[in-house]
Structure formats: structure tokens, C-alpha cells
Amino acid sequence: MNIPSSAQMDDEIDLENLPIVVVLDSGINFPSPFDQLVIEHWMPPLSPGGDRDHGTRVASRVSFAHMGQQLALSHCITPRARVIDCNILDGSVPENIIIQRIQKAVEAYHGVSKIYNLSANASLPIEGDEMSIIGFELDALQLKYGVQFVVSAGNHELWKTETSIDDILDDDDSRIAPPADSMLSIVVGAVTSEDHVGSLSGKNIIAPYSRRGPGFAGFSKPDMCAYGGTISLDGAGAHVPADMASLVLTTNATVEPDAGTSFTAPTVAGDLAEICNNTPNNDILLAKALLYHNAKPLWESDEMENEELAFAHNLYGRGIASVEDSKFSSPSRVTFLRTGSLNRLTKERVKIYMPEVLAAQVGRNVARVTVTCLTLPPVDRTKGSEYLGAFIRASLKKSHPDGRLLPVAQDYSEGRRKWDVCCQFTKTFTSFNSGDWQIWLELFSRWDEENLDVPYALVATIEDVSGTLDVYSEIQAQNRYQLANTLRIKIDA
């Protein structure tokens, strides 16, 4: 598919204000006029550089959201992010050299960009009981420099020999590959966006090549998923059928379908960049929490058991990103934000207001409260399964007419595992009281080390399930919650 010769970027977009993502890959060669989106090219010392083919395709998924849909409607493509080209993949590079190159790139650009996309994985899956060297190095860089890696879950070739997606998922060789075991990185899998003849995966099913969890020490991985291409088998062999979610930009100034978690990771990196660009002070941990908090699951959890939900998370993470929900509240859905740090001697009691208009509503499953708390704990590879040094437990307390706060029991243990970096739960209420509810945060640590402060980002949403009530106005009228103007948590008109 050729790009129309008259294709232009949206004139109303101020390129200088677009967020920046560092692409750690084989180089970028965007055709004109899209080359304006590459603000710098960098190569490590003594490297001849990669061929820029894979890197160009990856970077196009960072810079353009819904490229296929935009091209189908007009010749105008709207970019959402700029990129820094870190050309570190120049063939079969030993792991220690890759790590050194990543370290140098982060050292060079951590003051410019907080988001780093790495669409490269080992060929073999993780063992699971020990953190990989490269997974640990990514975690260490994220803690040292305050950056965020977005990493592909990895691809396998079981689709060549298996006859069903169930058989693929039953095979241990389909497990994620390093560095996708990194606990602090955002690991992204692939989901087929459309039904195609000859594909082992249908619409909204894990792609036939996409690796699955669990990750290190049985923790849930991937963290997110995104729509990408699939692989179809027919009399002519294997090919990638075209659909709106499979298109990438090539060095030859064409758009063509491609498949792989290499191209779903940058989709999420671009999503994260959009969200982060609207957070106060470009807070990357808060942006990550919003990304996780507002992800759209690809399953119905109401009738699921814990084991079923855990299995779904190991295929799809938390689901598909919703950038708009991460940037806006609405009349019926209001989001509260909090950032800070905790240590073993401190606790947090975070108030959220449950509106009277919602509590007065009659019916079943009236309100939904969703809580996501993300932390940045210390890591130590020598500790084995005790790799993470701390975790924060979040719990919800609801108001009682006599002034007490009552604990809210949670339906699932999945999402609230000890020593994980994210504590997340959702609870639906039928009968409840208005007023001040609270989220209690408590940090637990190990290793018997000094009393370290562990950063956290908390996101909580109160939602009218019917989508008809204006709960936003009542909360705003309390005049107790500062509007995050740069985040635009307000009614999206």
C-alpha cells in the first residue's frame, strides 16, 4: 500500500509540543515529511548501525495512532509523538553489549525523554525462578533515572507446528522471553484485531505468535496488550493479512501489514507518551498508573474464578489502553489522583468523596469503584524470588451512618498479590452511604535494610454504572479536590 504522494501531517499539530519516545532498535528512516518527527539519530561507539528497516516500522507505531483508519479517511496523518533514534541493534548482538548500549542511551537521553521502547527479545522463554540479567538491568535503569521501559512480550513460532491456539498456549515454549520478565517495565503482548481465514486466532484473541505469562516467580505478565497483525496459513504459505491494526510505515515510503509484539509494544509506548504529556510535571509513574487503571479488559470477570482471571491476565495483561479515559473524567465517571512515597513507619489515608446523588440511586450494581496503586520498589537480583524489596497494599473503606469506616471485602485476590508492583481492584456496590470514603495505603518491606521511601502513584475512580448521573458536579462542588488542569480531569465536552 503506497502512501499517497500528497500525504501531509496535520497542520494544526505543533510538533514541538509532541511528547518524545526513545526507540531502541535498528535505526529509523522516515520518508518526508514524516522525517520531521525524528529529532535526533544516535549510535553507540564502534557500531556500524542497523539497517533501519525494523526500527522504522517500530517507530511508526509510536508516532501514529490508528494509522490505517486515518489513511482510509484522508491523506492527512496526525502524529502523536516524536522519536529519538537510538540505533543499537546491528545484527546478532551479545546480551552484554546490548545492555551496555541501552545504558549509554539512557544516560544520554534521560533528561529529554522518560519513555524507552525496546522491541527485542531473547529467542528462548524465561525459566521463571530467577530474574534475567537484562530484565534486572532494565529495572535498575528505571530506578536510577526515573524512566519507563516499554518492552515486547516476544514472539514464538509454535504457530508453524500447532493446529490450535489452545495447543500453543499449553506449550511452555510460548512463555515470555527476556527482558519481558522485567518487573518495572511495561510488557506488551499482541491481540488479533480482526477475523482472518487461516489464522489460529480470531478477533480479540491473543495473536498466534504472541508470548504469554506467567512472568518471573509466577507474577502476571504481560502488563498490557495491543491490537496487531496476525499470521494466516493457506496454500501459498504463511502471510500477514492486511487490517487496520496491522499497518506499519516502511523505509520505502509505503504502508504494509506486519505482525509481531515488536509493533504492539510501540503502540503502548505512544499511548503512554500521550498520557504522560498531560500529567502534572510529566509524571511518568502517574501516567503508567493511569494507563493500567483505564485499560479495557477483553474478558467478562463477573462470573470468573480467580484462576480464570489469572489466566486471562497472563494472556492479555490488564487489557487494551484507553488514552481518552486516562486523560478525562466525565459527568458519570470521576477520577482522583495522588502521588507520594511511603516507608515502613508511614501510612496514607486518602479520602475520596462518594456523592449523595449516587448513593440515593435505587437498583442493583449502582456504583463502581476502581483503585490502582503503582509503586517503584527496590530490586536485588541476588535475592532470588525475593527480588522486590517492598510492596504497597491498598484497601478501601466505606462510610457508615454512625461515622465509622467499614472495610470493603474484595472479590478477587488476582491483582492484589503481595510483592507485586501494582495493587489493583474493582468493586461494584448496590447499597451504600455517601460521604468520605478512604483508601488506606500501607507499605511492607523486606531484606532488613534501612527505612527507604518508596514512591507510589494512586488512581481511584468513582463511576455511575448507568452512565446517566452527574456525579462530577457534586464532587466538584465539595471544593476540596484540586483540579489537575494539565491533566484535564474534567468533563470532556
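Two strands are taken to pair if DSSP finds at least two bridges between them. In the predicted model described here, strand β16 (residues 367–375) and strand β19 satisfy this criterion, being joined by eight bridges and running antiparallel. Within this pairing, Leu374 has Cys422 of β19 as its bridge partner.

The two strands belong to an open sheet of four strands, arranged in the order β14-β21-β16-β19 with antiparallel pairing. The edges of this sheet are formed by β14 (333–342) and β19 (422–429), each of which pairs on one side only. From one strand to the next, the twist averages 10 degrees. Helix α7 (residues 284–293) packs on the sheet and touches β14, β16, β19 and β21 (454–464). The direction of α7 makes about 35 degrees with that of β21.

Thr372 illustrates the surroundings of a residue in strand β16. Its relative accessible area is 0%, and because buried residues are those under 20%, Thr372 is classed as buried. The side chain of Thr372 takes part in a polar contact of 2.8 Å with the side chain of His293. A polar contact, also of 2.8 Å, links the Thr372 side chain to that of Gln424. When neighbours within four places in sequence are left aside, the residues in contact with Thr372 are Ala289, Tyr292, His293, Cys422, Cys423, Gln424, Ala457, Leu458 and Val459.

A further open sheet is made up of four strands in the order β15-β20-β17-β18, and its pairing is antiparallel. Strands β15 and β18 (405–407) stand at the edges with a single partner strand each, so one side of each lacks a neighbour in the sheet. The twist in this sheet averages 35 degrees from one strand to the next. Strands of a sheet pair through backbone hydrogen bonds, in either a parallel or an antiparallel arrangement. Strand β15 (residues 347–354) pairs with strand β20 (residues 435–445) over eight bridges in the antiparallel sense, and Arg349 stands opposite Trp440 of β20. Strand β17 (residues 390–399) is likewise antiparallel to β20, with eight bridges between them. In this second pairing, Leu441 of β20 is the bridge partner of Ala394, while Ile439 of β20 stands opposite Leu396.

The nonpolar interior was examined next. In soluble globular proteins, nonpolar side chains tend to be buried together. The largest nonpolar core of the model contains 63 residues, of which Phe30, Val150, Ile186 and Leu291 touch the most other members. Helix α7 supplies the largest share of this core, with eight residues. Apart from this core lies another, of 35 residues, which includes Ala367, Phe425, Tyr472 and Ile475. For Phe30, the contacts beyond neighbours within four places in sequence are with Asp35, Leu37, Val38, Thr56, Ala59, Ser60, Ser63, Val83 and Leu249.

Among these contacts of Phe30 are Thr56, Ala59, Ser60 and Ser63, and the buried residues of helix α1 include these four residues. Nine of the eleven residues of α1 are buried, so the helix is largely enclosed by the rest of the structure. The buried residues are Gly55, Thr56, Arg57, Val58, Ala59, Ser60, Arg61, Val62 and Ser63. Two packed helices are described by the angle between their axes and the distance between the axes. For helix α1 (residues 53–63) and helix α6 (residues 265–276), the angle is about 35 degrees and the axes are 7 Å apart. The crossing of α1 and α6 is right-handed. Val58, Arg61 and Val62 of α1 make the contact with Pro266, Thr267, Ala269 and Gly270 of α6.

Burial also extends to a loop residue, Met131, which is placed between β6 (115–118) and α4 (133–145). Met131 counts as buried, with a relative accessibility of 1%. Although Met131 and Thr382 are 251 residues apart in sequence, the C-alpha to C-alpha separation in space is 9.2 Å. With neighbours within four places in sequence left aside, Met131 is in contact with Phe136, Asp139, Asp181, Ser182, Met183, Phe216, Arg381 and Tyr387.

How values were computed
Residues numbered from 1 in each chain as written. Predicted model: local features only at pLDDT ≥ 70, side-chain atom pairs only at ≥ 80, totals over all residues. Heavy atoms only, no water. Axes fitted to C-alpha atoms, helices over the stretch in contact; angles between N-to-C directions. Contact = heavy atoms within 4.5 Å. Buried < 20%, exposed > 50% of the residue type's maximum accessible area, 1.4 Å probe, protein only. Polar contact = N/O pair within 3.5 Å; in protein donor to acceptor, adjacent residues only side chain to side chain. Core = buried A, V, L, I, M, F, W, Y, C linked by side-chain atoms within 4.5 Å. Left-handed = near helix turned anticlockwise from the far one by under 90°.
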